[in-house]
Amino acid sequence: MDATASTPATSIASLPHEIILKIFTSLPPKSAVSFRCTSKFFHSSIPKPHFAFTILFSSPSATHPTNLYTVDFTEESHGWLQATSLQCSEELHRFKGLASSSFADGKLCLLNTHGEITLWDLSTTQHISLPRTQPTFVRLGCEGVMVPRARLQSSRVLGIIDPVSKRYKVLKLELYRDDTHRHFQGMLRYLTLGVDQSWRSVPINYYIPGKPIASVQIDGIIYFIHCKINCQDKQEIVEFDIETANLMVIHFPYVFQHSCALPTMIYSSWVKLNDRLAYIYVHVNGLRTNIFVCAWEKSMRWKMHKVVALTLEECKIFSQAESVSITTNGTEEIVFLIRARIMLSTILIYACGRQVWRKFKICTLNDYVLAVENLRSFVHVIEEKMYFLE
C-alpha cells in the first residue's frame, strides 16, 4: 500500500486555533477582513478583528521646523489622545523649507526647497543625507534643442519599496522650464539605497502637463499629479509603472476652484484610498463644509461622491482650522489633522464604509505655529495592526 495514501490531508482548519489567529493577525487589515468571510469555519472560529494604527506628523515651531510626533489609535480610543514626541537629530531639526514628504518601510523621506533630500529611519532614529542631483542636459523647446541648464521649476520626491527588487528606492521627479519657448520637460531620477552611489536619470519624452503637486504609490504604480500650465484649477496625472518604466497620462475630469480667499478655505490631498488613487477636496465656507472624494476605479473611470455625514460639530471644527493635513489608512478611513491657534489640535477620522465620524483632541503638543511656506507640515500613517478583544 502506498504510504502517502494513508497520510491524512493537512488543511488550515486542522491547525491549532492560536496558529490560525497568528496567521490572521499578520495579514493587512483589508485582507484579514476578506479572509474571515471566505468560509463559515473561519467566520465562526475567528473572532471579529479590531484595528489600530499610528500616525506620524510634524508640528513645526519657530525654533524647530521639523518637530515630529506620533499618535496611536484603536477602535476603543475616544476623547483625548497623547502625542509622543520623537527624538530627532539636530541635522533633521535644521531641515527647513519642506517641499514634500513620503513614508515607506519605516523611513521618512523629506525634500526641501533647496533640493536637499534626507531619509530618517524611525527604528534607529538615524538620518541619511542623499547626494544632490546635478544639472543635466534636457531636451526642450519646439525644435528639441538640448539645453544644459534649463530652469528647474519644481520637484517631488517619493520613497518606495521596489516591487521587483524589494529594495528601498527614492524617486525624484524634476520639472524643467524653457522660458524662451515656454515648454516644460520632466526628468525622473532614482536612487536605490545601499546600491547606487549617485542618481540615475530617465528622461520623460513628452511635455509634462504642469507643475507637480503630489505623488502617490499604489501596487507598483506611481502617480505624479500636476496642475495644468496656466490653469491652476485643472489637474492631470502621469502614471509610471516601476517594473516596465511605461508612462501614461490620466486626465482628471473635475475642476475645483482653489481660491483661498476668506471666509472660504480650501484643503485637498491626493491619497491611496481602498487601494485606489483618490482626491479628497474640502471646501469650507463659514460653518458650511463640503467634502468630495474622487476615486480612480478599476474600470479606468473616475467616480466622485460627496461626504454627507458631516454634523454641525465637524463643520465648526473645520471652520476654525488654520491648517488641515489629510491621510488615509488601510481600512478605508480618512484622517484629518486639524490645527489652529484658537483650539487644541484635533483629529477627525471618517469611516467611508460606515459613514461615521470620530473626534479626538491631542494633548502634550507645543503651541501651534501657522504653517507658512518654510513651516509646512505633513501627516502619514506609519503602522497598522489588528487585535482581538478578550
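**Close-up views of a predicted model**

**View 1. Ala295 meets its partner across two strands.** The bridge partner of Ala295 is Lys303, a residue of strand 22. The model shown here is predicted. Strand 21 covers residues 288-296, and 6 bridges join it to strand 22. These two strands run antiparallel.

**View 2. Four strands make an open sheet.** The sheet holds 4 strands in the order 19-20-21-22. Their pairing is antiparallel. Strand 19 (264-273) and strand 22 (302-307) are the edge strands, and each pairs on one side only. On average, neighbouring strands are turned by 15 degrees against each other, direction ignored. Strands of a sheet pair through backbone hydrogen bonds.

**View 3. Two tryptophans form a tilted pair.** The whole structure has 16 aromatic pairs. In one of them, Trp296 and Trp302 sit 5.1 Å apart, centre to centre. Their planes make an angle of 50 degrees, so the pair counts as tilted rather than stacked (under 30) or edge-to-face (over 60). Trp296 has 10% relative accessibility and counts as buried. Trp302, at 13%, is buried too. Both belong to one aromatic cluster, along with Phe252, Tyr254, Trp270, Tyr279, Tyr281 and Phe292.

**View 4. Gly79 touches residues far along the chain.** Gly79 lies in strand 3, which spans residues 79-82. Gly79 and Phe360 are 281 residues apart along the chain, yet 5.1 Å separates their C-alpha atoms. Leaving aside residues up to four places away in sequence, Gly79 touches Lys359, Phe360 and Lys361. Gly79 is partly exposed, with a relative accessible area of 32%.

**View 5. A lysine lies over a tyrosine ring.** Lys107 lies over the face of Tyr168, 5.4 Å from the ring centre.

Notes:
Residues numbered from 1 in each chain as written. Predicted model: local features only at pLDDT ≥ 70, side-chain atom pairs only at ≥ 80, totals over all residues. Heavy atoms only, no water. Buried < 20%, exposed > 50% of the residue type's maximum accessible area, 1.4 Å probe, protein only. Contact = heavy atoms within 4.5 Å. Pairing = 2+ DSSP bridges. Axes fitted to C-alpha atoms, helices over the stretch in contact; angles between N-to-C directions. Phe/Tyr/Trp six-rings, centres within 6.5 Å; stacked < 30°, edge-to-face > 60°. Lys NZ or Arg CZ within 6 Å of the ring centre and 35° of its normal.
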